[in-house]
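Me: I am new to this structure and would like a close look at a single part of it. Please take the negative surface patch: which residues form it, and what lies around them?

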Amino acid sequence: MFKYDLSPRTLSGSLRARTAAGIASLTLVAALTSCSFQIGELEPINEDASAPTDAAEETDTTEQAEEEQAEDTAETEPIDDTAGLPVDPSEALAWDTETFWLSGTGDALYQIDWTAADTTTLQLTHSGSANFIVVPYDADGARLGSIANEIGVYEGSIELGEASILEGAEAIEYIHVQADGEWTLTR
């Protein structure tokens, strides 16, 4: 007669791995079946925009076709070259050749009146607790790269050649500062 040892043993190698994977799978299934969520329409984040309605407005296809034809034949408006700037360029403050450092609190847009070189180094400080973002833009308002993108207190430096990744530093016309605390920029 055969004797079987029915006493519990420790699991070895691959059996242990398969058992652990099975338990993990069961745990995941249990967790997912106990969750409930619903995917709906996206709602705007800012408070000024109204939320989308559930009822879609029905429009006459003839009216739609006429509107599309009118749009096609209408004269095109000139493109605003500075559309990429976060602030109206007419509100930009001048950073002239005689000024070597700037300081402020909060957001600001500066138009530089000196020629930036790839080797021009900016030293930056920020004493706030949230985002500190400094971005270079060209004369057309196109973003050229990033000078700083940090959270909280910051002190550092960067050569403008490293900050302007799309063009050389000579193309930098504007510098936008976004901060929640006091900051300085020194060249």
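Reply: What follows starts with the whole chain, goes on to the patch, and ends with a few residues elsewhere for comparison.

The model is a predicted one. The chain has 187 residues, and 25% of them count as buried. Its secondary structure comes to 3 helices and 9 strands. Read from the N terminus, the order of elements is α-α-β-β-β-β-β-β-β-α-β-β. The surface that the chain exposes is about 13,900 Å², with 52% of it supplied by carbon and sulfur atoms. If contacts are taken between residues at least 6 apart in sequence, 66% of them join residues at least 24 apart.

Now the patch. Four residues form it: Asp-118, Glu-159, Glu-162 and Glu-170. Two of these can be placed and described further, Asp-118 and Glu-159.

Asp-118 sits in the loop between E3 and E4. Its relative accessibility is 35%, so Asp-118 counts as partly exposed. Apart from neighbours within four places in sequence, Asp-118 is in contact with Glu-159, Leu-160, Gly-161, Gly-168, Ala-169 and Glu-170. Two residues in that list, Glu-159 and Glu-170, are also members of the patch. Glu-162, another member of the patch, lies 44 residues from Asp-118 along the chain, and the C-alpha atoms of the two are separated by 7.4 Å.

Glu-159 belongs to strand E7, which covers residues 154–159. With a relative accessible area of 34%, Glu-159 is partly exposed. To belong to a patch, a residue needs over 30% relative accessible area; Glu-159 has 34% and Asp-118 has 35%.

The loop that holds Asp-118 also holds Ala-116, between strand E3 (108–112) and strand E4 (121–126). Ala-116 has a relative accessible area of 2% and is therefore buried, whereas Asp-118 is partly exposed. Not counting residues up to four places away in sequence, Ala-116 touches Leu-160, Ala-169 and Glu-170. These three residues are also among the contacts of Asp-118. From Ala-116 to Glu-159 the distance is 43 residues in sequence and 10.0 Å in space, C-alpha to C-alpha.

Strand E4, which follows this loop, contains His-126. At 3% relative accessibility, His-126 counts as buried. The residues that His-126 touches, with those up to four places away in sequence left out, include Asn-131, Phe-132, Gly-152, Val-153, Tyr-154 and Trp-183. One of them, Tyr-154, falls within the span of strand E7 (residues 154–159), where Glu-159 is found. His-126 and Ser-103 are 23 residues apart along the chain, and their C-alpha atoms are separated by 9.7 Å.

Ser-146 is in the loop between strand E5 (131–137) and strand E6 (148–151). Its relative accessibility is 29%, so Ser-146 counts as partly exposed. Leaving out residues up to four places away in sequence, Ser-146 touches Val-134, Pro-136, Ile-158 and Ala-163. Pro-136 is 10 residues from Ser-146 in sequence and 6.4 Å from Ser-146 in space, C-alpha to C-alpha.

The last residue for comparison is His-176, in strand E8 (residues 174–178). His-176 counts as buried because its relative accessibility is 8%, and buried means under 20%. Apart from neighbours within four places in sequence, the contacts of His-176 include Pro-86, Val-87, Ala-108, Leu-109 and Val-134. Val-134 is also touched by Ser-146.

Conventions
Residues numbered from 1 in each chain as written. Predicted model: local features only at pLDDT ≥ 70, side-chain atom pairs only at ≥ 80, totals over all residues. Heavy atoms only, no water. Patch = residues over 30% accessible without salt bridge, like charges linked within 9 Å, V, L, I, M, F, W, Y side chains within 5 Å. Areas by Shrake-Rupley, 256 points an atom, 1.4 Å probe, with all protein chains shown as cover. Salt bridge = Lys/Arg side-chain N within 4 Å of Asp/Glu carboxyl O. Lys, Arg positive; Asp, Glu negative; His and termini not counted. Charge placed at Lys NZ, Arg CZ, Asp CG, Glu CD. Helix = DSSP H or I, 4+ residues; strand = E, 2+ residues; numbered from the N terminus. Buried < 20%, exposed > 50% of the residue type's maximum accessible area, 1.4 Å probe, protein only. Contact = heavy atoms within 4.5 Å.
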